[in-house]
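Here is a short set of exercises to work through with the model open beside you. Try each task before you read its solution.

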Amino acid sequence: MSSKKFKILSIDGGGIKGVFPALFLTLLEDELKNRTDGKTKIYQHFDLITGTSTGGIIAIALALGIPAKEIYHLYLDNAKNIFGSKKPLFLGLKKPFFLGQIFNSAHKRNFLENLVRKTFKEANNGTEPRLGDCKTNVCIPIYDLIQGNPSVLKTKYHPAFERDYHIPAYQAAMATSAAPTYFNPYTSEYKDLNGTTKDFVNKVDGGIMANNPTLVAFLEAIKAFKVDMSQLEILSLGTGYKKFTDGNSRKRWGLHYWMVKNKRKRLIELFMQSQSQLVANYISLLYQGIDKSEKDNPNFIYDRIDVFLNEDNNIEMDECNKTKIKNFAELASIEFQHNRSAILKNHFY
C-alpha cells in the first residue's frame, strides 16, 4: 500500500448548474496564481478527477489543462446557444398534438458538441485530444444502451484499462452529458491509436446511476491505485440540491405529474437528487462512521461543497437566461468564502 496522499476531485452532474463548481474552481485557481512551485492549475493538485454529465465535461476540461475561469465562461456565455432552442412539450393550438418533447429530446447537441470539441482541441495545441492526453487521471461515468449496463470511461491508470484512453475527449464529454429527454443518446465513431475504426454508439448520461461520482472515484483509488483509505483526500463539488418532497394526498401520480406539471421533470429531479444524496450519505459513513461516531478520528480527508436550493435561487438544468445563471453561480462565491481556508489547507497545501 502507498503511504502518499491520494487526491480526488469529484464533480456532480446538473446541466447548466455546472456554473456552480466551475466558479468555485475559478476562485480556487485565483488563490493558486502566486504559488512558487508552479502548480497554478487545478489538475496539478489531483491524482484522479471524476465528473458526471456537466461535471464530466468540467473534469475532462480541467484534466486537459483548461483554466477553470475559461470553463466557467464557456457555460455562461454559451447557454443561450446550447439551450435556447428548446422544443415545446406539446405542439398544437386547440388540441395539443403529442409532439415536441413527447417524441423528441428537448435540445439538439450540435452547438455544444462543436464548442466542446473546439475548446478541447485548442487546449491540446490544435490536435484532437483523446482521454489519454489528459494531464492527470480521469474516470467518467456513462451508461451504455448497447450493452445495457453502466460504464466508466478511464485513462490508462491500470494495465487492464486498454479501451477508453483511445476515445476522443470530446466524445467522452458528449457521452456523459447525454441526459435523457434533454439530449439524444450520443453516437459516433473514432479511430483508435492503431488506426482501427471503433463504434461509440448510444451512450447516455452517467447521471442516471452516478450523478455524484465520488463513490466511483473512491473505489477506483482503493482497487486500481491500491491506495489505503487513510491516504485519501477527497474534494467533492455538488451543483446545488433540493430535497424532493410532496406531502399532498393527490390521486393522480401519472406522467403529467412526473414530467409535465408546471414544466418540471420531477422524475429526473428525483433520481438524480436521490442518487447524489445516497452517495453523499455513504461517503459520510465511510468518512466518520455510523452516526459520526468516528468524527474525532475520521478515516480520510473529505470535503463536500454544495448548497441547498429553494424556489427563489433554483434554476432548471437547461436554463439559458444569462442573468439567472450568473446569479446562481454567485452561490459558489458564498460557499467559497465559508470554506476557503479549510479547502486550501486540506487539498492545496
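## Warm-up

At 46% relative accessibility, Lys-322 counts as partly exposed; buried means under 20% relative accessible area, exposed over 50%, and partly exposed in between (1.4 Å probe, protein chains only). The model you are looking at is predicted: local features need pLDDT of at least 70, side-chain atom pairs count only at pLDDT 80 or more, and totals for chains, interfaces and linings use all residues. Residues are numbered from 1 along each chain as its sequence is written, and side-chain values use heavy atoms, with hydrogens and water left out.

## Exercise 1: a salt bridge between two helices

Task: find the salt-bridge partner of Lys-322 and state where each residue lies.

Solution, step by step:

1. Start with the rule: a salt bridge is a side-chain nitrogen of Lys or Arg within 4 Å of a carboxyl oxygen of Asp or Glu.
2. Lys-322 pairs with Asp-77, and their closest N and O atoms are 3.2 Å apart.
3. Lys-322 belongs to helix α10 (residues 322–347) and Asp-77 to helix α3 (residues 68–83), so the pair ties together parts that are 245 residues apart in sequence. Helices here are DSSP runs (H or I, at least four residues) and strands likewise (E, at least two), numbered from the N terminus.
4. Asp-77 has 43% relative accessibility and counts as partly exposed.

## Exercise 2: two further salt bridges

Task: place the partners of the Lys-154 and Asp-47 salt bridges, and decide whether each residue is buried, partly exposed or exposed.

Solution, step by step:

1. Lys-154 and Glu-220 meet through their side chains at 2.9 Å, N to O.
2. This pair ties together parts that are 66 residues apart in sequence, because Lys-154 is in strand β4 and Glu-220 in helix α7 (residues 214–223).
3. Lys-154 is buried at 14% relative accessibility, and Glu-220 is buried at 11%.
4. Asp-47 forms a salt bridge with Lys-4, with 3.7 Å between the closest N and O atoms.
5. Asp-47 lies in the loop between α1 (19–32) and β2, while Lys-4 lies in the segment before β1 (6–11), so parts 43 residues apart in sequence are tied together.
6. Asp-47 is partly exposed at 21% relative accessible area, whereas Lys-4 is exposed at 53%.
7. For the whole protein, the rule gives a count of 17 salt bridges.

## Exercise 3: the surroundings of strand β3

Task: list the strands that pair with β3 and give the sense of each pairing.

Solution, step by step:

1. Two strands pair if DSSP finds at least two bridges between them.
2. Strand β2 (residues 48–51) runs parallel to β3, with three bridges; Leu-48 has Asn-137 as its bridge partner in β3.
3. Strand β4 (residues 149–154) is antiparallel to β3, with six bridges, and Ser-151 in β4 stands opposite Ile-142.
4. Strand β6 (residues 197–205) is also antiparallel to β3, with three bridges; here Ile-142 faces Asp-205.
5. β3 and β4 make a hairpin with four residues between them, and Gly-148 in the turn has a positive phi of about 70 degrees.
6. Why is β3 largely enclosed by the rest of the structure? Six of the eight residues of β3 (residues 137–144) are buried, so the strand is largely enclosed.

## Exercise 4: positive phi outside glycine

Task: check phi, location and burial for Ser-53 and Thr-181.

Solution, step by step:

1. Recall the background: most residues other than glycine have a negative phi.
2. Ser-53 has a positive phi near 60 degrees, sits in the loop between β2 and α2 (54–63), and is buried at 5% relative accessible area.
3. Thr-181 has a positive phi near 80 degrees and lies in the loop between α5 (169–176) and β5 (186–191). Thr-181 is partly exposed at 30% relative accessibility.

## Exercise 5: the whole protein

Task: describe the overall build and the share of buried residues.

Solution, step by step:

1. The protein has 10 helices and eight strands.
2. Its radius of gyration is 20 Å, close to the 20 Å that the globule rule gives for 349 residues, so the protein is as compact as a globular protein of that length. The radius is taken over C-alpha atoms, and the rule is 2.2 Å times the number of residues to the power 0.38.
3. Of the 349 residues, 50% are buried.
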